[in-house]
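Reader: I'm new to this structure and would like a close look at a single part of it. Could you pick one strand and walk me through its surroundings?

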Amino acid sequence: MRQQEKPRPTHELSSFARYLNKVFDFRSASDLLTDSRHQPEISAAAVFRAVFHGLVFRLTSFQQLQSDIAQPAFQRSIGVERAFGDDVLRYSLCGFDLSTLETMLVQVNRTLKRNKGFDSGRVQGRIVAALDGIEVLSSYSRCCEACLERRISYVEADGTPGERIQYYHRAVGCQIVSAPVKPILAIEWLQPGEGEDTAALRLFRRIAELYGPRFFDILLLDSLYAQAPVLRLTQELGWDVVIALKQERRELYQNAMGLFQARPAEREFERQQEGEYRRVQLWQAEDLPFTQDFPLPVRVVRSEEEVTRRKVQGGKPCQQTTRQQWLWISTLEGQAFPAPLIWQLGHLRLEKREQWLE
Ligand SMILES: [Zn+2]
């Protein structure tokens, strides 16, 4: 019997590297990266290329990466003449220059857009981005100058309640969500004592500086951002918004809910996808002034949804039905973006959040 041939992989490492160099200019873009070391023998560019390799192949430790760095062929591919250890990796990364890294990120995102990487998934021809909070590095014992602080309550073994300070870092990030590829455009770290909303305003201005006007068209935001300074700035920068409203924003929420009381739904439809059946009712009201001091006309869309999901409980398949209520405000024009599209955009953000949390 003839031995079966192994299926050949569709892509090979060398073709991936050629693609990165040809399309994203990876080699020369990474050559511009720097760190705080003075005339290092192993350049910051080589360290970055090694770490990038670790990320692409999902290596879980520097130890694994080190055994790749020991290979002469790998050393040639990242542009060094000898092996180096995790001490070099750590030292370089501790003082890595983030501004050159950001320049590279902006170039990559611009290339993606120019090569139509964001075209599929556009909603009515528009590119959609979303804003979200990211938290990293929380600790009770270690901290730095830029750390944020919060008090965490706990109960000791003998029942006495206590409180201790937790240190952490938090950022807001803006990400394209409508396209199959969902790159982060920029992030902004929260300074001690400031809120996410203040950091977000800074982030919006910086995105406009980095990418120019209208790199994307629609921005999805959560309830915290339903405030005049945010709407004022997004209008100024030329972005339309869809903002989810929660009950915490009581005044706005109650005004909007009052509008829809005793009114039958304007639209009703059903959606079926991946083991989930959704019955949706939609209401909308146009041209409502956002607030007294900022009377920008906005549209309010409300949904009531009955979601039936198939699941397995105690080894047996069963169905579970839950009810959801959503309220969104939007600056998008009603003709091109009827209520079902606002509903779709609102859910795009929720899906993104679920992916983020996975
Ligand atoms: Zn810190």
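Author: Here is a tour of strand β6, with its neighbours and then the wider chain.

First, the ground rules. This is a predicted model, where local features need pLDDT of at least 70 and side-chain atom pairs count only at pLDDT 80 or more, while totals for chains, interfaces and linings use all residues. Residues are numbered from 1 along each chain as its sequence is written.

Strand β6 covers residues 240-244. Helices (H or I, at least four residues) and strands (E, at least two) are DSSP runs, numbered from the N terminus. Four of the five residues of β6 are buried, so the strand is largely enclosed by the rest of the structure. Here, "buried" means that 20 or more other C-beta atoms lie within 10 Å of a residue's own, against 12 or fewer for exposed and anything in between for partly exposed, with C-beta atoms placed from the backbone.

So who are the partners? Two strands pair if DSSP finds at least two bridges between them. Strand β5 (residues 218-221) runs parallel to β6, and four bridges join them. One of the links puts I218 across from D240 in β6. Add helix α9 (residues 228-237), and β5, α9 and β6 make up a right-handed β-α-β unit. Right-handed means that, with the strands pointing away from you, the path from the first strand over the helix to the second runs clockwise.

β6 also pairs with strand β10 (residues 316-330), this time antiparallel and over three bridges. There, I243 sits opposite I329 of β10.

Now zoom in on I243. Leaving out residues up to four places away in sequence, I243 touches L221, Y225, A226, W328 and I329; a contact means C-beta atoms, placed from the backbone, within 7 Å. I243 is also among the residues with the most contacts inside the largest nonpolar core, which has 48 residues; I218, V242 and W328 are in that group too. Such a core is a set of buried Ala, Val, Leu, Ile, Met, Phe, Trp, Tyr and Cys residues joined through C-beta atoms within 7 Å. Apart from this core lies another, of 13 residues, including I42 and V88.

Stepping back, the protein chain has eleven helices and ten strands. Buried residues make up 22% of its 358 residues. The C-alpha trace spans about 75 × 70 × 55 Å along its principal axes.

How values were computed:
Contact = placed C-beta atoms within 7 Å.
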